[in-house]
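Reader: I am new to this structure and would like to learn how to read it. Could you walk me through its features, beginning with how strands pair?

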Amino acid sequence: MHRFKVIPYTYRTLRHHQTHIDQPVASLLKSRSVIRFSGPDTIKFLHGLLTNDVRRFEEPVGDEATNLVTPNVPTRYTPPMYAALLTPQGKFLYDLFLYKPPMPQEKLDRTGSGPGSDHNGTFELFADVDSSVLDELLQTFQRYRLRSKLEIENVAEDFSCWQRYGGDLSEKSSFAEEQEAASVGWSADVDQSAMSASYGDEVGWQWFKDPRLDCLGLRGIFKSSTTPPQVEADKETDERNFFLWRFEMGVAEGSNEIPKGVAMPLEYNFEGLNAISFDKGCYVGQELIARTHHRGVIRKRLLPIRFTDDNGKEVEQKVAPDLEVIDTSSGKKVGTVTAALGCRGLGLLRLDEALKRSSSLTIQGQEGVKVKAIRPGWWPAEWYEEHQHHGAVVA
């Protein structure tokens, strides 16, 4: 289906990509599937369920005064949104990237309304979701649907999810470049006829800045029958390299890395990943999120971790999720490994223990494997202020 060379997946490839990728690469995310919500109640339905303010997709494109709940994203176009569905007790169930479908042949009307919300009452939003729980996720949304006027469809055969990352993608953050590389093409400030075709396909699907963090690169959904733009002949690589890229940033994704029905979203840094609105009002699980947020202290957080030997040399070990991380100097449990690949991983760890320079962390039952916990550079200062006196290690 795709007409380009795939970079082989080897441990050498992994090590090359772990800390730096000189040129942008792209990965087809087989771990993600695409679903579609359509109908006049789409926004109302999702807004009452998800952690983020879905009403943003109804706001006029091009309005500089738009009040977005996701402060890391520009306001001149409708970017995708990251959000989660929680249990009534406020525990994680599923994460979703929501996209408003582009319709580049249309222009804004005099009222500022844009494509995707026409006068016939139809409205569409697409979402990329965790493939491993796709059927269960669809059933869950159907249970909540009740009498809402919308359809929820599996369109995984027709659309695929892709990520571009590495090189200087995360550094291209000027407003002009964001509009060109990330807009859907019909914004009032983008001349569709003048835009480079390399940024989008013939039906308008384009790359967007990842709504979580700039450093994660660009994300998009594309017709499965087409080659996404900007994917050069020798620059597609296995999606496990994107896993490593995320692990370096301390970002988990999907139910395999964020335990379903167990994980506390704030401990998995969802607030810093633009996934939660604290102003939108009620949604499923909102009470616990609000109470935890206003209490102000998160003692455990998801951190990037590296596996080394006694000499500090990185080692590739078969470290499995759910293994405990132990501080050998105190004998205390510091946290748990939540994901691991090669000599990289993610761990849900107690900050006061994990970020001590003097701490000696290891995997329980694998004492030869040392664990180095790292504070990501993108973290807000208030997340670690109370732990700074321990001497945090900064990535």
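Reader: Which residue in strand 17 is the bridge partner of Leu-361?

Author: Let me start with the general idea. Strands of a sheet pair through backbone hydrogen bonds, either parallel or antiparallel. Here, the bridge partner of Leu-361 is Val-371 in strand 17. Strands (E, at least two residues) and helices (H or I, at least four) are DSSP runs, numbered from the N terminus. Two strands count as paired if DSSP finds at least two bridges between them. Strand 16 (residues 361–363) and strand 17 (residues 366–373) have three bridges and pair in the antiparallel sense. Ile-363 stands opposite Gln-366 in strand 17.

Reader: What should I know about where these coordinates and numbers come from?

Author: This is a predicted model, in which local features need pLDDT of at least 70, side-chain atom pairs count only at pLDDT 80 or more, and totals for chains, interfaces and linings use all residues. Residues are numbered from 1 along each chain as its sequence is written, and side-chain values use heavy atoms, with hydrogens and water left out.

Reader: What lies between strand 16 and strand 17?

Author: Two residues separate them in a hairpin, and Gly-365 in the turn has a positive phi of about 85 degrees. Other hairpins can be read in the same spirit. Strand 13 and strand 14 form one with four residues between them, where Gly-331 in the turn has a positive phi of about 80 degrees. Strand 14 and strand 15 form one with two residues between them, and there Gly-342 has a positive phi of about 60 degrees.

Reader: How many bridges join the strands of those hairpins?

Author: Strand 13 (residues 324–327) is joined to strand 14 by four bridges, and the two run antiparallel. Within that pairing, Val-325 has Gly-335 of strand 14 as its bridge partner. Strand 14 and strand 15 pair over six bridges, again in the antiparallel sense. Look for Leu-341, which stands opposite Arg-344 in strand 15.

Reader: What do these strands build together?

Author: They form a closed barrel of six strands, running 12-15-14-13-16-17 with antiparallel pairing. From one strand to the next, the twist averages 40 degrees. Helix 5 (residues 239–249) packs on this sheet and touches strand 12 (300–308), strand 14 (332–341) and strand 15 (344–350). Contact means heavy atoms within 4.5 Å. The direction of helix 5 makes about 150 degrees with that of strand 14. For such angles, axes are lines fitted to C-alpha atoms, for helices over the stretch in contact, and the angles run from 0 to 180 degrees between N-to-C directions. Strand 12 and strand 17 pair antiparallel over four bridges, with Thr-308 matched to Lys-370 in strand 17.

Reader: What is the order of strands in the open sheet?

Author: Its five strands come in the order 4-5-6-3-7, with antiparallel pairing. Strand 4 and strand 7 (151–154) are the edge strands, each pairing on one side only. The twist averages 30 degrees from one strand to the next. Helix 3 (residues 134–145) packs on the sheet, touching strand 3 (32–38), strand 4, strand 5, strand 6 (124–130) and strand 7. Six bridges connect strand 4 and strand 5 in the antiparallel sense, and Leu-86 stands opposite Phe-92 in strand 5.

Reader: How many aromatic pairs does a search of the whole structure find?

Author: The search finds twelve. Rings of Phe, Tyr and Trp (its six-membered ring) pair if their centres lie within 6.5 Å; planes under 30 degrees apart count as stacked, over 60 as edge-to-face and the rest as tilted. One of the pairs is Tyr-82 with Phe-97: the ring centres are 4.6 Å apart and the planes at 40 degrees, so the pair is tilted. Tyr-82 lies in strand 4 (residues 81–86) and Phe-97 in strand 5 (residues 92–99), so the pair ties together parts 15 residues apart in sequence.

Reader: Is Tyr-82 buried or exposed?

Author: Buried means under 20% relative accessible area, exposed over 50%, and partly exposed in between (1.4 Å probe, protein chains only). Tyr-82 counts as buried because its relative accessibility is 0%, and Phe-97 is likewise buried at 0%. Tyr-82, Phe-92, Phe-97 and Phe-270 form one aromatic cluster.
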